[in-house]
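Work through these exercises with the model open beside you. Try each task before you read its solution.

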Amino acid sequence: MHYDVIILGAGASGLFCAFTAAQRGRRVLVLERANKVGKKILMSGGGRCNFTNYSIEPNNFISSNCHFCKASLKRYSQWDFLSLVERYDIAFEERQYGQLFCLNSARDILNMLLTECENAGVDIRTNCQVSDVKAVEGAEDEGARFKLSAGKQSFTCQSLVVATGGLSIPTLGGSGDGYLLAEQFGLTLKPRQAGLVPFMFSDAMKGVCERLSGLALPVAVSCNEQQFHADMLFTHRGMSGPAMLQISNYWNPGDALTIDFLPDDDAVEWLLQEKQRSPKSLLRSVLGQRLSKSLTLELQNLLWTERGQTVMAEISDRDLRRVGESLNAFEVKPSATEGYRTAEVTRGGVDTDGLSSKTLEAKTQPGLYFIGEVVDVTGWLGGFNFQWAWSSGYSAGLHA
Ligand SMILES: Cc1cc2nc3c(=O)[nH]c(=O)nc-3n(C[C@H](O)[C@H](O)[C@H](O)COP(=O)(O)OP(=O)(O)OC[C@H]3O[C@@H](n4cnc5c(N)ncnc54)[C@H](O)[C@@H]3O)c2cc1C
């Protein structure tokens, strides 16, 4: 069976690429390994799919080449996706930081992609495990450059698009197949790591997190010169919430995180003022004005346990300074992340050096394309990863 374009993976980028190519008159087949298409789209954003963001900039993406994503994001922007969403009358809302979510269900987005595919005449097959992909030696430009085997069937195509996603959440389709294909065709890989993922601890913080499990608060968290202001959440396994997921994209094993529990205040200055204002109060009562009682007690155990019953007037300025500095820059050292089981994305992947930033085609293998999460481009939390899937899918769809 011959197609102009075969796409491996019926996820966000694969479906987008499929109808873009088919709208150009290309005969397109999408092969999906799972029993259903778009599983991650349906689970995304708590079932409401954070499909893009009002503010998309290249610095919202992590890649060994920070310029690589620019061409695709420019050619198909958040405004282009938004006008598609509006054309389908999909109700959406803006949440914090420009994040756009469906008002009803993520299924609205998947249905929109599938309708576009159907209207453009895309063929989609599920439960299709491709066992072998070969480049056909000496193929003519217009001919069958690739041969694929899936069970007893074989397919040929001129362009092959790898849209198999990353390793995160295997039950939602996460697979390493795209990376194997990249290696098979001589492309290099950047080291992969779980991204947008909660942290775990094996030191004293483990117990602290368990005891504070369920508590959320606004913080600023920093690591490797990157900082995020957002909510963090203590869980019985460690630390999660948007602030922690965001910073996890910049964390490497062994790194410490610096948490500012009072991101809007200079804690040293504030505590010294409070010493004058409330000399008879305990430090934990003063701190209780800004932080929850349970967190204050845990911080007391860690930072000023020997001054627990001492009134502010009797705590030296030096000690207050030390506590204040720790409140603004509290260091924790995660032992690990929760890994691909719960990660929203995979960092790293197919090295962008081997791909054209305009077309996503492999430089050394004409007709072979890599799009979406399998590529070494990872977005922040907030709709950036889907925008990369739409934009890279579009770029490849215009050329494949
Ligand atoms: C729980 C969760 C929530 C998320 N929420 C958001 C959000 O709200 N906003 C956001 O921007 N991002 C979100 N993300 C990230 C986003 O889902 C991904 O970045 C995006 O789906 C990547 O698109 P993709 O097409 O590259 O891969 P995917 O959408 O993962 O699609 C890959 C497809 O390829 C299939 N496949 C794998 N191997 C093969 C093979 N060998 N042959 C054929 N098919 C194969 C898979 O089954 C899958 O259907 C979330 C991720 C998770 C896990």
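**Exercise 1. The shell around the ligand**

Into how many nonpolar, polar and charged residues does the shell around the ligand divide? Then find which residues come nearest and which elements contribute.

Solution. Keep in mind that this is a predicted model.

Step 1. Sort the shell by class. It divides into 16 nonpolar, 15 polar and seven charged residues.

Step 2. Look for the nearest residues. There are 38 residues around the ligand, and Gly 9, Gly 11, Gly 165, Gly 173 and Gly 372 come nearest.

Step 3. Assign the shell to elements. Helix 1 (12–23), helix 2 (39–43) and helix 13 (384–399) are the elements that give two or more residues to it.

Step 4. Pick the main contributor. Helix 13 supplies the largest share, four residues.

**Exercise 2. The chain as a whole**

Describe the chain by its secondary structure, span, burial and contacts.

Solution.

Step 1. Count the elements. The chain has 13 helices and 21 strands.

Step 2. Take the span. The C-alpha trace extends about 85 × 40 × 35 Å along its principal axes.

Step 3. Check burial. The chain has 400 residues, and 46% of them count as buried.

Step 4. Turn to contacts with a separation of 6 or more. Residues 24 or more positions apart account for 72% of these.

**Exercise 3. Two domains**

Which domains does the domain assignment give, and how many residues of each are in contact?

Solution.

Step 1. Read the bounds. The assignment gives domain 1 (2–193 + 345–399) and domain 2 (199–337). Domain 1 is thus written as two segments.

Step 2. Locate the centres. Taken over C-alpha atoms, the centres of domain 1 and domain 2 are separated by 40 Å.

Step 3. Count the contacting residues. Five residues of domain 1 are in contact with four residues of domain 2.

Step 4. Sort one side by class. Where domain 1 touches domain 2, its side has three nonpolar, one polar and one charged residues.

**Exercise 4. The largest nonpolar core**

Find the residues that touch the most other members of the largest nonpolar core. Why does this core lie between the two domains?

Solution.

Step 1. Find the best-connected members. The core holds 110 residues, and Ala 18, Val 161 and Phe 370 touch the most other members.

Step 2. Find the main source. Helix 1 gives the largest share of this core, eight residues.

Step 3. Explain the location. The core lies between domain 1 and domain 2 because both give residues to it.

Step 4. Follow one member. Leaving out residues up to four places away in sequence, Ala 18 touches Ile 7, Val 28, Val 30, Cys 117 and Val 122.

Technical notes. Residues are numbered from 1 along each chain as its sequence is written. This is a predicted model: local features need pLDDT of at least 70, side-chain atom pairs count only at pLDDT 80 or more; totals for chains, interfaces and linings use all residues. A residue is near a molecule or strand if its C-beta atom, placed from the backbone, lies within 6 Å of it. Ala, Val, Leu, Ile, Met, Phe, Trp, Tyr, Cys and Pro count as nonpolar, Asp, Glu, Lys and Arg as charged, and the others, Gly among them, as polar. A nonpolar core is a set of buried Ala, Val, Leu, Ile, Met, Phe, Trp, Tyr and Cys residues joined through C-beta atoms within 7 Å. A residue is buried if 20 or more other C-beta atoms lie within 10 Å of its own, exposed if 12 or fewer, and partly exposed in between; C-beta atoms are placed from the backbone. Domain bounds come from an automatic or database domain assignment. Two residues are in contact if their C-beta atoms, placed from the backbone, lie within 7 Å.
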